[in-house]
There are 4 protein chains.
Amino acid sequence: MGDMSFISDNQAGVHPSVLERLQSLSRGSAAGYGEDQWTAEAESAVQRVFETDCAVFFVSTGTAANALALSALSPPWGAIYCHDGAHICNDENTAVEFYTGGARLVGVSGLAGKPDVNTMRAHMEIATVHGVHNAKPAVISLSNVTESGTVYSAHEIAPYRDLADTFGLRLHMDGARFANAVVSSGATPAALTWQSGVDCLSFGLTKDGGIAAEAVVIFDHALAEEFAYRRKRAGHLWSKHRFLAAQWLALLEGDLWLDNARHANAMAQRLAEAFGDHDSIDLPWAVDANEIFPVIPEQLRDGLRQAGLEFYDWPARPDMTRFVTSFNTEAAAVDQAIAIIAGA
Amino acid sequence: MGDMSFISDNQAGVHPSVLERLQSLSRGSAAGYGEDQWTAEAESAVQRVFETDCAVFFVSTGTAANALALSALSPPWGAIYCHDGAHICNDENTAVEFYTGGARLVGVSGLAGKPDVNTMRAHMEIATVHGVHNAKPAVISLSNVTESGTVYSAHEIAPYRDLADTFGLRLHMDGARFANAVVSSGATPAALTWQSGVDCLSFGLTKDGGIAAEAVVIFDHALAEEFAYRRKRAGHLWSKHRFLAAQWLALLEGDLWLDNARHANAMAQRLAEAFGDHDSIDLPWAVDANEIFPVIPEQLRDGLRQAGLEFYDWPARPDMTRFVTSFNTEAAAVDQAIAIIAGA
Amino acid sequence: MGDMSFISDNQAGVHPSVLERLQSLSRGSAAGYGEDQWTAEAESAVQRVFETDCAVFFVSTGTAANALALSALSPPWGAIYCHDGAHICNDENTAVEFYTGGARLVGVSGLAGKPDVNTMRAHMEIATVHGVHNAKPAVISLSNVTESGTVYSAHEIAPYRDLADTFGLRLHMDGARFANAVVSSGATPAALTWQSGVDCLSFGLTKDGGIAAEAVVIFDHALAEEFAYRRKRAGHLWSKHRFLAAQWLALLEGDLWLDNARHANAMAQRLAEAFGDHDSIDLPWAVDANEIFPVIPEQLRDGLRQAGLEFYDWPARPDMTRFVTSFNTEAAAVDQAIAIIAGA
Amino acid sequence: MGDMSFISDNQAGVHPSVLERLQSLSRGSAAGYGEDQWTAEAESAVQRVFETDCAVFFVSTGTAANALALSALSPPWGAIYCHDGAHICNDENTAVEFYTGGARLVGVSGLAGKPDVNTMRAHMEIATVHGVHNAKPAVISLSNVTESGTVYSAHEIAPYRDLADTFGLRLHMDGARFANAVVSSGATPAALTWQSGVDCLSFGLTKDGGIAAEAVVIFDHALAEEFAYRRKRAGHLWSKHRFLAAQWLALLEGDLWLDNARHANAMAQRLAEAFGDHDSIDLPWAVDANEIFPVIPEQLRDGLRQAGLEFYDWPARPDMTRFVTSFNTEAAAVDQAIAIIAGA
């Protein structure tokens, strides 16, 4: 029986190309702290992905990437607007508060992981009137892929950018599964980010085949100026930095990162169809990427688990479960899972 | 010609055993965020090294280890006493201030990297009298190996512990090169830490053959209680945590970490003798571990560099240079270097 | 025409007794930074009010009192639960985040300014299960008088204390209008605080006749131990500290603070009746203290304002207004206001 | 016998004009949080003092003024250079670290309270070379009057401004006794600040006759832009703000603040002569303002104290004492003190 764990793509292993690249850099000396040639090459590779000379800072976790990014975008007295189910709001402890020096996350509700623009605007209007007594509207943070597994098109990002412009805010994107969003939307990385007015992207490839491969990508160079100081004082500048860079070189080469995401998305599609075909299972949210959130009755869940399926009960909605596919989910395992679901 | 870079042991590569272990864990799924079996095994391995059930937290940089450790030992209004040449004071930006919420480093001078105990006591006496108007004495931080390449014996740690007891302080040890100190002193890891009154150790194996292998080792469990929250909010809890643990499993197995350090120390000894034999070169500090700080006249330096030697000019003392050996410094390269030095 | 400003009790003047006391201490020298005899006397006076040897720290603003208090009760990774209309949540910028080093406020909805206990519990349950990934439940903060002008009895505080005990939290009370709550409830200060399990009170007399008279009152001495360091580093320890103490001596003497509050509450009662008698005006919340929140149609508001009444449009509910009385609201002005309301 | 306390000018009382002004504003209502007319008037009065449209923010302590000012001038990773005896370094706990989010104070030695420019430059050079590994040079902070009672002329400020320009730093002045410096130097407030390149001044009148009268005066408007948010979230925005403003209106009117300082300085001059005339007493530092630091043998100190003189033993130099005069030091008390000194 194949591996039928669909708990999370951060439980997946590492793509062989990543390990090979680590191996190839493991002998001999190299300058430390990002002064080596491979770091420079990896930064260039990211710039090619985005078709612009963005500033790139590699770090080892998505929480670090998000918190560092937001600390560059918001003053300590800023309000950061995001979906109330966002990862920065629910799964990263108080990292944002720590890194920003005390900014405030304002969770905004909205369908399928996308915060309602009008509700957001209402928050900003009150805050603006109230002046120094309130946190100052500073940043909108969107997740693409969202925490509900849906994907923003460039078109859908526009109203948030408009709102940000109206009130003088920055726009951040949490791209922990950015590869899956790119593949799903069919848009270019540029179109989904700076061409849509995104100022800064947390770009994650850990889930997409890396070990610890996250980056802060800053499109507005004024914001990047002192970012290196932020990373250093947070303890996120590796001494043997080439081993962060190596992961990026491996995954970006030949668009492996997109192939990996394409596979994961395809596996999720197939699984989603099986859920959709089942009379007792509901799929409230579109399956745009590699995450599926089926509503499964309690008894049925037990059956699936006894048959070997592993998945997550969604804490924010007790009736909901989450299945995630990854770059190394095997088609055979998905076939098996589909058969189990169909027979349940 | 072999690799004659003696710039820093953090420029060294990775030990093959570490890569093998990464490889062996790279397929299949595993629980994330340190909930996997390999993390548990690696923690146990560290506990065996210290012969006690210490709390162990793996992170990816020495700066993170130090800053997190000190944040658990000092209140935001605390004073942290260290040598004025210490790494936390000169090479980690304001990480300590950031993580502690604003504690203050008090640099104390002293010979060969070891802060003068009497000067330290005088600082504490003034601060204590001055009450809330001053930072409150909170922590003594010692580096072993020191930033001057010297090593503390257990016997030498005692007066700092006595001082800490007198004023109610905690004792921290920065062990970025702890393996080299253990090998050099001949003492056990336990003797150099908790048996000498060290409350918390930053234990680094990155320089000793790892990729990003640092740990906070806490001997007083009361201090460890909420440490996991600190690490998480700092973005230092890896999702694919088993790849941090794997490095420790590889390096601690069969005491590879000590063999690596023994080699590095031996290479430094040989190099030090060559410097000692040269009429125009002075060695002001004992070469206890894998670092050598020769005073070399300007012209002689140029000659060494032209002959292929790579080393660091020591910023704090313009007349001084630094040579560092590592686990993978080749004996042949050292022979070559010795010949160059002798002939210079 | 009398002063018909009902905008806020923090717009009121200063009670003559306070000024007399300042005057009496204004000549001659005295020890600075709270080492003077009047500070000691004022601290004792507060202890007598609460019938216990609580720790007392005077500061000059309510925001400082709240933020300092919460920083002593919550770790930087803590969650602080309060009503979603609470002052700490809406009117004190990000002071709580700043002082706590990044703790998170969790606003909980509930009727008439009192957060719903079951909703609060649900938040804590999810956070507890989610471990380090979430802010750790740390404090419940209640406002008495609430931001809706209602008052908690001791009986009503009990369920929050029970909840705090279940999950290991601290209980804080924002008493910016504590005098009005004491007078309204008929309970003793002790009964409303430590006897109900309140660990720490922000006790304000600025609105009750002082100039800048706020205090943090800590009932658990373990929490108070290093509080003096917090206050000092926040710049809230006055050098000429006796002029903070003087305000407390004046207001607590002969229970002037309660007389002032009794007057303010009585004036609000009379005004509330006038609103209640008006057919087009609704009073959704009980008028327990010195604040009234009438729902007044737009056109009617204009009339009241043209007739000389000054009041606040409530930002959180556009249909609502706020009228506040104070220690120096004149009965004649209230009579006039009543006549205006009746005739409108 | 008159009041012969020369311990500190922050132990002095309050000038009658200040109390009268408080009294005159104590009746009736006024807009809160600095939106009242008196605050506007007081801000204008400060602008007239400096002959420029500087931004002015009133707060209640000198520590708050310094820490808030420096937080606007330095990033969290900044280095702030000051004399190693400066108040911000020794007497304000870790307020600077707290407010700046973790910047570092670098104490620089120098004669009579003035940091050595060349030593300062050497620090900056090393820090600049070391890049992100070091705190980034950000601010020079000078105290005028210095902590040694000496005064900078405009001419003496120039080399610090030059240094700041070379390395791109801001220049801050701690003016807790600015009035005494103005009177002593004979220069205008403008000449001693923005005309000498000072970006921001902590301007204190508490010691000069106020109760709690401190201000942050910002000469570069770009720095002032979000300062109001800083003050608010620190809990330093008073609700009854007119009572801060009232103190400034009283003290600036008719140059009372300068008359007060002139008196204090004159009293110090007379006392200094008495010390200078005594064979066993040494005055190592010039008495430029209202502070005297005589070196007095132990036995002689006892005699002075038994005769009724009160003064401070200087903690940083055990052989030294400090005498401070103030706006309300009586000439008769000084006569008496002089007689005691002469006879000792």
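Trainee: How many residues of chain B are in contact with chain C?

Mentor: This is a predicted model, in which local features need pLDDT of at least 70, side-chain atom pairs count only at pLDDT 80 or more, and totals for chains, interfaces and linings use all residues. Residues are numbered from 1 along each chain as its sequence is written, and chains are lettered from A and ligands numbered from 1 in the order in which they are written. Contact requires that the C-beta atoms of two residues, placed from the backbone, lie within 7 Å. On chain C, 13 residues take part, and the number on chain B is 13.

Trainee: Which element gives the largest share of the side of chain B that touches chain C?

Mentor: Helices (H or I, at least four residues) are DSSP runs, numbered from the N terminus. The largest share is four residues, and these come from residues 227–233 of chain B, helix H11.

Trainee: What relation superposes chain B on chain C?

Mentor: The superposition is by least squares on the C-alpha atoms of residues with pLDDT of at least 70 in both copies. Chain B falls on chain C, with RMSD 0.0 Å, after a rotation of 180° and 0.0 Å of shift along the axis. The relation is therefore that of a two-fold axis.

Trainee: Which residue of chain B comes closest to the rotation axis?

Mentor: The distance is taken at the C-alpha and equals 3.2 Å. The residue of chain B at that distance is Gly101(B).

Trainee: How many residues of chain A are in contact with chain B?

Mentor: Helix H1 (16–24) and helix H3 (62–73) are among the elements of chain A that give two or more residues to this side. Chain B contributes 41 residues, and chain A contributes 41.
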